[in-house]
Amino acid sequence: MDPRALCFLSCCLLICVISAEIQESGRTLEAQKERGLKTVRPGEEKPSGTLGRRNHKSDRSQKSLQKKTPAVVATPSPPASSILTQVLGRGHFQKVGDSLSLRAGEPLELRCRGKVVHWRVPAYLEEEGEGRLRIKHFSQHSRLQLLNSTGADTGEYSCWARHCQDAQCSEGEDHQGKTFIFFTDPEELFVPTENYYEVVQLRSHQPVLLPCQVTNPLAQVTLHREFPPEEVPVDGTDISFDVKKGFTIHRPRASLAGSLFCLASLGGMRQISTKYMLIYINYPSSFPKPTIQASATLVQLGENFSVTCKVLSEPEIAVDFRWEYPGQKLGRPPYISEWADVVRRKGRVQQEAGSTLYVEEARVGDAGVYICRATNLQGTGTATTRVRVTRNPGSSPVPS
């Protein structure tokens with residue numbers, strides 16, 4: 001082949017290869033532009049392009065917002081610090097909340113901050129002395145330790161510190177701390193008690209507590225009647241339940257009288273509490289306020305007269321009357337009659353109880369002050385009146 005023809009073919013082939021490479025490079029650049037990227041040649045540093053500038057501005061704006069946010073949003077004031085803490089280990093403390101749950105058998109250590117500190121624990125623990133319960137006072141705090149805890153230790157633990165200055169001590173809410181501690185026992189869902197039966201008085205107008213406390217706040221507790229066997233509805237109004245206290249009967253009534261008990265269930269375990277024998281007593285809302293009136297405040301010698309004392313109260317409230325009168329000094333026996341009637345006053349049904357003292361053939365010694373004392377379960381009320389005795393009509397009364 002002619003050398004010039006061979007050279008011409010070689011040049012054409014080289015031009016085709018270079019053209020193909022240029023087209024491929026162009027397509028790559030277009031694809032990179034579509035993806036928002038920029039070609040970086042080897043050995044070159046990547047410049048801060050438009051995307052990079054947006055990121056920096058965004059970062060600066062976010063930092064600026066973060067710096068400005070605390071000045072715009074109001075920060076709530078922190079809660080008052082409690083003086084009561086739980087000791088978890090050497091130098092490791094934790095503030096206690098409204099309640100705390102520990103496993104039975106675990107030791108308990110509490111610390112109360114203050115110079116003069118007093119503790120209050122469940123009642124029977126106060127009899128432990130230097131046994132499982134140990135309290136030690138230091139210059140700036142007091143320490144409570146409970147060893148070998150049981151479900152029976154469940155209850156409220158509290159302390160208060162007295163602030164003393166110049167021999168004067170004061171107590172305030174900021175120097176108090178308390179928490180309710182559950183000592184969970186898988187074998188005892190209720191806090192153990194000594195009695196199998198407990199008598200509870202259902203007094204009208206007064207809430208009553210059935211103290212079936214649980215050792216585990218997760219236990220489900222219901223109220224039941226023994227005879228006939230049935231569950232007592234708990235609506236939160238007439239009867240409510242507090243896991244720290246038990247059931248409270250806010251509106252006692254006669255239909256609740258009888259034997260009741262609490263039933264606790266947790267997982268597959270069910271237990272009943274102490275049985276409560278409820279006795280209904282129609283309890284007065286207040287002590288009696290008697291009124292007294294004599295048939296005559298001025299009588300003649302030899303005349304008969306009477307003095308009446310009355311009390312208004314709720315129906316079926318027992319009222320006891322006692323008299324003090326001048327004739328007692330003469331040895332005159334009392335002649336008394338008592339009654340109780342249901343009356344309606346101002347649209348309300350009430351009971352009117354009364355006592356009348358009769359005095360026959362008035363004597364000089366019958367002149368003086370007559371005192372009526374009315375007593376119910378809430379207390380005693382007193383009313384007085386004076387009776388004068390004359391010898392003849394129009395004459396001055398005999399001195400009493």
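# A tour by selection

Begin by selecting R386, a residue that lies in strand β27, which covers residues 379-390. Bear in mind throughout that what is on the screen is a predicted model. With a relative accessible area of 38%, R386 falls between the limits for buried and exposed residues, so R386 counts as partly exposed. Now add A367 to the selection: R386 and A367 are 19 residues apart in sequence, and their C-alpha atoms are 7.6 Å apart in space.

Next, turn to a sheet. Select strands β12, β16 and β15, which in that order form an open sheet of 3 strands with antiparallel pairing. Strands β12 (208-210) and β15 (239-242) stand at the edges of this sheet, and because each has a single partner strand, one side of each is left without a neighbour in the sheet. Neighbouring strands here are turned against each other by 25 degrees on average, when direction is ignored. For a view of one pairing, keep β12 and strand β16 (residues 246-249) on display; these two pair in the antiparallel sense over 3 bridges. Within this part of the sheet, L209 can be picked out standing opposite T248 in β16.

Stay in this region and show the side chains of F241 and F247, which form a tilted aromatic pair, with 4.7 Å from centre to centre and 45 degrees between the planes. How buried or exposed are the two partners? F241 is partly exposed, with a relative accessible area of 31%, whereas F247 counts as buried at 1% relative accessibility.

The aromatic pairs in the structure come to 4 by the rule used here. Another of them to select is F180 with F182, again a tilted pair, whose centres are 4.9 Å apart and whose planes make an angle of 55 degrees. Both F180 and F182 are buried. A contact of another kind appears on selecting K289 and F287: the charged end of K289 sits over the ring of F287, 4.6 Å from the centre of that ring.

The last part of the tour visits the cysteines, for the structure holds 3 disulfides. A disulfide is a covalent bond between the sulfur atoms of two cysteines.

Select C112 and C159, which form a disulfide with their sulfur atoms 2.1 Å apart. The torsion about this S-S bond of C112 and C159 is about 85 degrees, so the disulfide is right-handed. Since C112 lies in strand β4 (residues 108-113) and C159 in strand β8 (residues 155-165), the pair ties together parts that are 47 residues apart in sequence. Both C112 and C159 are buried.

Move on to C212 and C262, which are joined by a disulfide with an S to S distance of 2.2 Å. Here the torsion about the S-S bond is about -65 degrees, so the disulfide of C212 and C262 is left-handed. C212 is found in the loop between β12 and β13 (220-225), and C262 in strand β17 (residues 258-266), so this pair ties together parts that are 50 residues apart in sequence. C212 is buried, and C262 is buried as well.

Finish with C309 and C372, whose sulfur atoms are 2.1 Å apart in a disulfide. With a torsion of about -80 degrees about the S-S bond, the disulfide of C309 and C372 is left-handed. This pair links distant parts of the chain, with C309 in strand β22 (residues 305-313) and C372 in strand β26 (residues 368-376), 63 residues apart. C309 is buried, with a relative accessible area of 0%, and C372 likewise counts as buried at 0% relative accessibility.

Conventions. Residues numbered from 1 in each chain as written. Predicted model: local features only at pLDDT ≥ 70, side-chain atom pairs only at ≥ 80, totals over all residues. Heavy atoms only, no water. Pairing = 2+ DSSP bridges. Helix = DSSP H or I, 4+ residues; strand = E, 2+ residues; numbered from the N terminus. Axes fitted to C-alpha atoms, helices over the stretch in contact; angles between N-to-C directions. Buried < 20%, exposed > 50% of the residue type's maximum accessible area, 1.4 Å probe, protein only. Phe/Tyr/Trp six-rings, centres within 6.5 Å; stacked < 30°, edge-to-face > 60°. Lys NZ or Arg CZ within 6 Å of the ring centre and 35° of its normal. Disulfide = S-S within 2.5 Å.
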